[in-house]
Amino acid sequence: MKIIFKSIVLLVFAIALATVYTSCSEDDLPNNGDPMIKYIRVPDPASSDSLLVSGFQANMVVIVGENLKDAVEIWFNDQPGQLVSTFITNTTIFTVVPADIPEVITNKITIVFSNGKTLEHDFVVEISEPEVISMNSEYVLEGELATIRGNFFYEPLTVTFTGGVTGELISVDDQIIEVEVPAGAQPGPITITTNFGETESDFWFRDNRNIFISSDPFTGWWNAAYVVTSPGANDPPSINGNYIRVKKVVGAWAWTEVAGGPASAMGEISKNIPDDAILNPADYNFKFEVNTLLPYNNNVIKFNFGISSENNDEYKWLPPYDTKGVWQTVVIPFEEVAAKLNIETVNPDGYWTRILMHGPGELDADISFDNFRIVPKVLED
């Protein structure tokens, strides 16, 4: 009987203690147990004192507060953010600012909790201005479609060419624009404008700077017969005057010089590589346009330029590459070429130049080239 009575007393005591403990715990919860946001910061612990009142699309942020563990939804303006349970604690929520553009801008974060309560906090989503990265081809004829690649291409949007003319938009998504090249478009940067900013491209449309191999007119030692001056119905269209076309079977290790020669044979064009590119190759790109009517899928195309005399340790542009009958711009960081050719000495008298096809495997070639140039990676002021 004493044992039963003692057990009942202990049970009553345990229930009373639990009740008291629960009551005290609820009273002791920060903000009376209601969710609250103290601040928002960047995720890097080393920069945790960097507080945010705004953030760019697709950037991760950390919401710091109290009683946040029951969050089930998060909204930035009218766009939902992502919540992952493993990134939610009672005091922090790791989430990513949505990349989609809001239709209704409230400049607030709204968190919805499992009990239906909501919590708002001031926060501005910074909408990125356009990012312009490249064109499929930097040379496009009037009335033809130019394809521009980048990011944050949000309509309404305009594409303005040097010369002050605006192209007709054919299609737009977040990362690709197709635009009809208007009459009056001149060589130079293009400018893309949205409601969130304006960006001028680092590359030039119809870039005519620093061309060191051109067929207008042909100069050099080799293969003037490869130059197309009046394209026929079965030829690629001309994009900048004459161009080079190699249409033949190139045997394995057959020595096929396409164009070039010493500075004395190339003429003034051999001096067009900028001195600064020789001294600071990492600041420049090597570019040219190419058109393959048959795939470049064998052999090797080798480049020699920016040197004072013949050098057989060429920069090798390796297969495969296939433009399927349209012109495309090839972009190669110039420091890669300079390292292979040991380019480092400025020569005011010009440079040795050669395009050579020489490598393993027979190539049934039908490949055209134009506008070999060395140009700055970043738009010069």
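**Salt bridges in the predicted model**

A salt bridge joins Lys271 and Glu268, with 3.3 Å between the closest N and O atoms. The structure is a predicted model, and the values reported here are computed from it. Of this pair, Lys271 is partly exposed, at a relative accessible area of 36%, whereas Glu268 is exposed, at 58%. Side chains of opposite charge can pair when their charged atoms come close. In total, 17 salt bridges were counted.

Another of these contacts is formed by the side chains of Glu66 and Lys38, with an N to O distance of 2.9 Å. Glu66 belongs to strand 3 (residues 60–66) and Lys38 to strand 1 (residues 36–41), so this salt bridge ties together parts that lie 28 residues apart in sequence. The two partners can be described by their accessibility: Glu66 is buried, with a relative accessible area of 13%, while Lys38 is partly exposed, with a value of 46%.

Asp366 and Arg245 also form a salt bridge, in which the closest N and O atoms are 2.9 Å apart. This pair links distant parts of the chain, since Asp366 is located in strand 27 (residues 363–376) and Arg245 in strand 20 (residues 243–250), 121 residues apart. Asp366 is buried, with a relative accessible area of 7%. Arg245 is buried as well, at 10%; the threshold for this class is under 20%.

Salt bridges also occur as a network. The residues linked in this way are Glu138, Asp207, Arg209, Lys287, Glu289 and Arg373.

Technical notes:
Residues numbered from 1 in each chain as written. Predicted model: local features only at pLDDT ≥ 70, side-chain atom pairs only at ≥ 80, totals over all residues. Heavy atoms only, no water. Salt bridge = Lys/Arg side-chain N within 4 Å of Asp/Glu carboxyl O. Helix = DSSP H or I, 4+ residues; strand = E, 2+ residues; numbered from the N terminus. Buried < 20%, exposed > 50% of the residue type's maximum accessible area, 1.4 Å probe, protein only.
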